[in-house]
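This briefing walks through one protein model, topic by topic, for a reader who has the coordinates open alongside. Please follow each group of points in the viewer as you read.

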Amino acid sequence: MGEFRPEIVPAVAWSSQSCVAITADEDCALDDAHLDPCFARWSADSGPLHPGNVSRPVLGSAAALLMADERAIELGIRPKARIRADAQSSGGGRGAIDASRAIFERTGIDPNDCDHYEVSEMFASVPLAWVREFATDLNRFNPRGGSLGLGHPGSAAELRSLATMLSALQATGGRLGVLA
């Protein structure tokens, strides 16, 4: 549907026989029927894990350029966003909640004033706990799908989430977003 087009910089893949332009995000089109279950040695009561019941493994790359707004203006670059605050937490599964709370307290922003919440789904329980903790509008929560639905591209996951949030805010005219 083109929702992710603003997040993707086209790449060209060359070989001795052809040239392919990659202009859309995609995962591996694996033929699930021909794959052996992975982790089949897991316990008998949990059953084997396979591409039909776990997120697809995906590879990803991402880049973001952070600079002072004065420097962006000098270079003729229109900033896409302004970071008002950041926080970190080593709270394990509560890390996203603790860091978000610190941001809300530091900035005085009410969670319900935000237009977009992009919360990591590395563990499925984290976004559920985050929504319960802040009682936010589910229509603004990972509205384009999170890591579970889109794949979790390893070390590129957070920047993929940032790109998704920024393009969604631009598309909807939103101003405030939270990346947790």
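**The loop between helix 3 and helix 4**

Ala135 sits in the loop that runs between helix 3 and helix 4, and what follows describes a predicted model rather than an experimental one. Thr136 belongs to the loop between helix 3 and helix 4, and Asn142 has its place there too.

- Ala135 counts as exposed, because its relative accessibility is 55% and the cut-off for exposed is over 50%.
- Although Ala135 is not a glycine, its phi is positive, at about 45 degrees.
- The C-alpha atom of Ala135 is separated by 8.4 Å from that of Pro111, and these two residues are 24 residues apart along the chain.
- Thr136, by contrast, is buried, with a relative accessible area of 9%.
- Once neighbours within four places in sequence are left aside, the residues in contact with Thr136 are Pro111, Asn112, Tyr117, Trp130 and Val131.
- Asn142 is another residue other than glycine with a positive phi, here near 40 degrees, and at 7% relative accessibility Asn142 counts as buried.

**Overall make-up**

- The protein has five helices and four strands, and their order along the sequence follows the pattern β-β-α-α-β-α-α-α-β.
- Of the 180 residues in the protein, 24% are buried.
- When contacts between residues at least 6 apart in sequence are considered, 55% of them join residues at least 24 apart.

**Helix 2 and its surroundings**

- Helix 2 covers residues 95–107, which is 13 residues, and spans 18 Å from its first C-alpha to its last, close to the 18 Å expected at 1.5 Å a residue.
- Its buried residues are Gly95, Ala96, Ile97, Ala99, Ser100, Ile103 and Phe104.
- An α-helix has 3.6 residues a turn, so residues three or four places apart point the same way.
- The cover over the buried residues of helix 2 includes helix 3 (125–134) and strand 4 (177–179).
- Gly108, just after helix 2, takes a positive phi of about 75 degrees.

**How helix 2 meets helix 3**

- The axes of helix 2 and helix 3 come within 9 Å of each other and cross at roughly 35 degrees, and this crossing is right-handed.
- On the helix 2 side the contact is made by Ala96, Ile97, Ser100, Arg101 and Phe104, while helix 3 contributes Val126, Ala129, Trp130, Glu133 and Phe134.
- Sorted by class, the residues in the contact of helix 2 with helix 3 are seven nonpolar, one polar and two charged.

**Aromatic pairs**

- How many aromatic pairs are there in the model? The count comes to four aromatic pairs.
- One of them joins Phe104 and Phe134 in an edge-to-face arrangement, with 5.3 Å centre to centre and 80 degrees between the planes.
- Because Phe104 lies in helix 2 and Phe134 in helix 3, this pair ties together parts that are 30 residues apart in sequence.
- Both partners count as buried, since Phe104 has 7% relative accessibility and Phe134 has 11%, where the cut-off for buried is under 20%.
- Trp130 and Phe141 form an aromatic pair that is tilted, with 6.0 Å centre to centre and 35 degrees between the planes.
- That pair links distant parts of the chain, with Trp130 in helix 3 and Phe141 in the loop between helix 3 and helix 4 (147–150), eleven residues apart.
- Trp130 and Phe141 are both buried.
- Through ring pairs, Phe104, Tyr117, Trp130, Phe134 and Phe141 are linked into a cluster.

**Helix 5**

- Helix 5 covers residues 157–172, which is 16 residues, and reaches 22 Å from its first C-alpha to its last, close to the 22 Å expected at 1.5 Å a residue.
- The buried residues in helix 5 are Ala157, Arg160, Ser161, Thr164, Met165, Leu166, Ser167, Ala168 and Leu169.
- These buried residues of helix 5 pack against strand 3 (116–118), helix 4 and strand 4.
- Gly173, just after helix 5, takes a positive phi of about 75 degrees.

Notes:
Residues numbered from 1 in each chain as written. Predicted model: local features only at pLDDT ≥ 70, side-chain atom pairs only at ≥ 80, totals over all residues. Heavy atoms only, no water. Helix = DSSP H or I, 4+ residues; strand = E, 2+ residues; numbered from the N terminus. Expected span 1.5 Å × (residues − 1). Buried < 20%, exposed > 50% of the residue type's maximum accessible area, 1.4 Å probe, protein only. Contact = heavy atoms within 4.5 Å. Phe/Tyr/Trp six-rings, centres within 6.5 Å; stacked < 30°, edge-to-face > 60°. Axes fitted to C-alpha atoms, helices over the stretch in contact; angles between N-to-C directions. Left-handed = near helix turned anticlockwise from the far one by under 90°. Nonpolar A, V, L, I, M, F, W, Y, C, P; charged D, E, K, R; others polar.
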